Amino acid sequence: MTNWLKKEIEKISMIEKYGTVCNSDHFKMDANENLVLDKNFLMKISLKSIKKIDLRKYPTELYDQLYKKLSDYLMVSEKSLVLGSGSDQIIDLLLTLIGKGRRLTTIYPTFSYFKTRCQLHGVTSSEIMLSSIDNTFDSEKFIDDAKKSHAIYLCSPNNPTGNQFERSQMLEILGNLKNNLVIIDEAYVEFAKYSLSKYVQEFPNLVILRTFSKALGLAGARIGYMIANEELVELFKNRVQSPYAVNSISLAIAISVISNSDRVEKSISLIRHERDKLYHNLSKIKKIDVYRSDANFLFIKCNEEYDRVIESFDNRKIIARGLDKIGSYGNCIRITIGTKKMNDKILSVFNSIQ
Ligand SMILES: Cc1ncc(COP(=O)(O)O)c(C=O)c1O
């Protein structure tokens, strides 16, 4: 084996593994999927749409149809949209665009996959710490650091903390960083207060990432998209993204889900309601600290009770996302909001450690 390859393999082996948990007899509440949307309903509309597909052909027409549907649904021009195989795949392409050796500013904690992908692509990331009191960060510090960088990444609402930063703070950052590629990951925006998508016309350096995996209930179909200025989209769609990154089956399913968006909207309202209720109930428990959330999950500081909480989740056959120690936050977990029945089970876990 040549020297360079050996070195590269050693370097990649140091990157933290992205672990996935699989246990079919457990409630899966670690990946922020929409488990409130009815599985049988999704299956019924999916099967109906799949029957119309001609699998011998590349999905040209289906791409056109989904772009049109998505544009109507979001009230965003078709020329501002690029589809991808999950937003994960678009992240990889954006990091390819940023390029090896370049620098990026982000916050800590944030979407851990993004950091590991920076490492894989040789993009150096600099992190501004969030306050463990209220999950906020200092704009001036962030902007000063970002001025030394080529790009920034902010998650809105943030994963794993769940909060959406103030709109005025995001606009201040955008206004001050016109020479950076600004990536705003809005994977959970349907559960939040606002979107920055309308600013893509004003800021040609702004890229918004979205996904069908969370609110839209299609994590298994692997579809994400980006919203950006038309010039950047034209370049990205025709020169950076591969021509058929999303397959016919996923495209057809996505079209049918958007056509039934009232069902999706209903599930989103229910999740928001359940989230606020669970937050309220958990905030009465003294041994833990729960943070207010604008997403479909709650971020909880478990303090000395972390091991007991993890064990109790396991005993009740619930998979939560144990995050271990996160900087000044200490030991935390992140838990997806599900149906009322699932959320009652979560509450019972925390009640048991009182
Ligand atoms: C903030 C954030 N961005 C992107 C993704 C990935 O989404 P997708 O399923 O579209 O690849 C996730 C998934 O957990 C996420 O939390």
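**Figure 1. An open sheet of four antiparallel strands, with a helix packed on it.** In this predicted model, 4 strands are arranged as an open sheet in the order 9-10-13-12, and their pairing is antiparallel. Strand 9 (289–290) and strand 12 (321–326) stand at the edges with a single partner strand each, so one side of each has no neighbour in the sheet. Strand 9 and strand 10 (residues 297–301) run antiparallel and are joined by 2 bridges, and valine 290 has isoleucine 300 in strand 10 as its bridge partner. Helix 10 (residues 261–282) packs on this sheet, where it touches strand 9 and strand 10, and the direction of helix 10 makes about 15° with that of strand 10.

**Figure 2. An open sheet of seven strands with mixed pairing.** The order of the 7 strands in this open sheet is 2-8-7-6-5-3-4, and the pairing is mixed. Strand 2 (81–84) and strand 4 (124–129) are at the edges, and because each has a single partner strand, one side of each is left without a neighbour in the sheet. On average, and with direction ignored, neighbouring strands of this sheet are turned by 25° against each other. Within the sheet order, strand 7 follows strand 8, and strand 7 (residues 206–211) pairs with strand 8 (residues 224–228) in the antiparallel sense over 5 bridges. Arginine 210 has tyrosine 225 in strand 8 as its bridge partner. Strands of a sheet pair through backbone hydrogen bonds, in either a parallel or an antiparallel sense.

**Figure 3. The shell of residues around the ligand.** There are 13 residues around the ligand, and Gly86, Asp88, Ala187, Thr211 and Ser213 come nearest. The shell is made up of 4 nonpolar, 7 polar and 2 charged residues. Helix 4 (residues 86–98) gives the most to this shell, contributing 3 residues.

**Figure 4. The oblique packing of helix 4 and helix 5.** Helix 4, which also contributes to the shell around the ligand, packs with helix 5 (residues 112–121) at an angle of about 40°, and their axes are 10 Å apart. This angle makes helix 4 oblique to helix 5, and helix 4 passes helix 5 in a right-handed crossing. From helix 4, Asp88, Ile91, Asp92, Leu95 and Thr96 take part in the contact, meeting Tyr113, Phe114, Arg117, Cys118 and His121 of helix 5. Sorted by class, this contact has 5 nonpolar, 2 polar and 3 charged residues. Asp88 appears in this contact and is also among the residues that come nearest to the ligand.

**Figure 5. The crossing of helix 6 and helix 7.** The axes of helix 6 (residues 139–146) and helix 7 (residues 167–176) come within 10 Å of each other and cross at roughly 25°. The two helices, helix 6 and helix 7, are therefore roughly parallel to each other, and helix 6 passes helix 7 in a right-handed crossing. In the contact, Ser139, Phe142 and Ile143 of helix 6 meet Gln169, Glu172, Ile173 and Asn176 of helix 7. The residues of this contact divide into 3 nonpolar, 3 polar and 1 charged.

**Figure 6. The contact of helix 3 with helix 9.** Helix 3 (residues 60–74) packs with helix 9 (residues 248–259) at an angle of about 30°, and their axes are 9 Å apart. Helix 3 and helix 9 are therefore roughly parallel to each other, while their crossing is left-handed. The residues of helix 3 that meet helix 9 include Leu62, Leu66 and Leu70, and among their counterparts in helix 9 are Leu251, Ile255 and Ile258. By class, this contact divides into 10 nonpolar, 3 polar and 1 charged residues.

**Figure 7. Backbone details in three loops.** Most peptide bonds are trans, and most residues other than glycine have a negative phi. The peptide bond that joins tyrosine 108 and proline 109 is cis, with omega about 0°, and proline 109 lies in the loop between strand 3 (103–108) and helix 5. A cis peptide bond also runs from serine 156 to proline 157, with omega near 0°, and proline 157 is found in the loop between strand 5 (151–155) and helix 7. Asparagine 135, a residue other than glycine, has a positive phi, near 65°, and its place is in the loop between strand 4 and helix 6.

Note on methods
Residues are numbered from 1 along each chain as its sequence is written. This is a predicted model: local features need pLDDT of at least 70, side-chain atom pairs count only at pLDDT 80 or more; totals for chains, interfaces and linings use all residues. A residue is near a molecule or strand if its C-beta atom, placed from the backbone, lies within 6 Å of it. Ala, Val, Leu, Ile, Met, Phe, Trp, Tyr, Cys and Pro count as nonpolar, Asp, Glu, Lys and Arg as charged, and the others, Gly among them, as polar. Axes are lines fitted to C-alpha atoms, for helices over the stretch in contact, and angles run from 0 to 180 degrees between N-to-C directions. Angles under 35 degrees count as roughly parallel, over 145 as roughly antiparallel, 65 to 115 as roughly perpendicular and the rest as oblique. A crossing is left-handed if the near helix is turned anticlockwise from the far one by less than a right angle, and right-handed if clockwise. Two residues are in contact if their C-beta atoms, placed from the backbone, lie within 7 Å. Two strands pair if DSSP finds at least two bridges between them.
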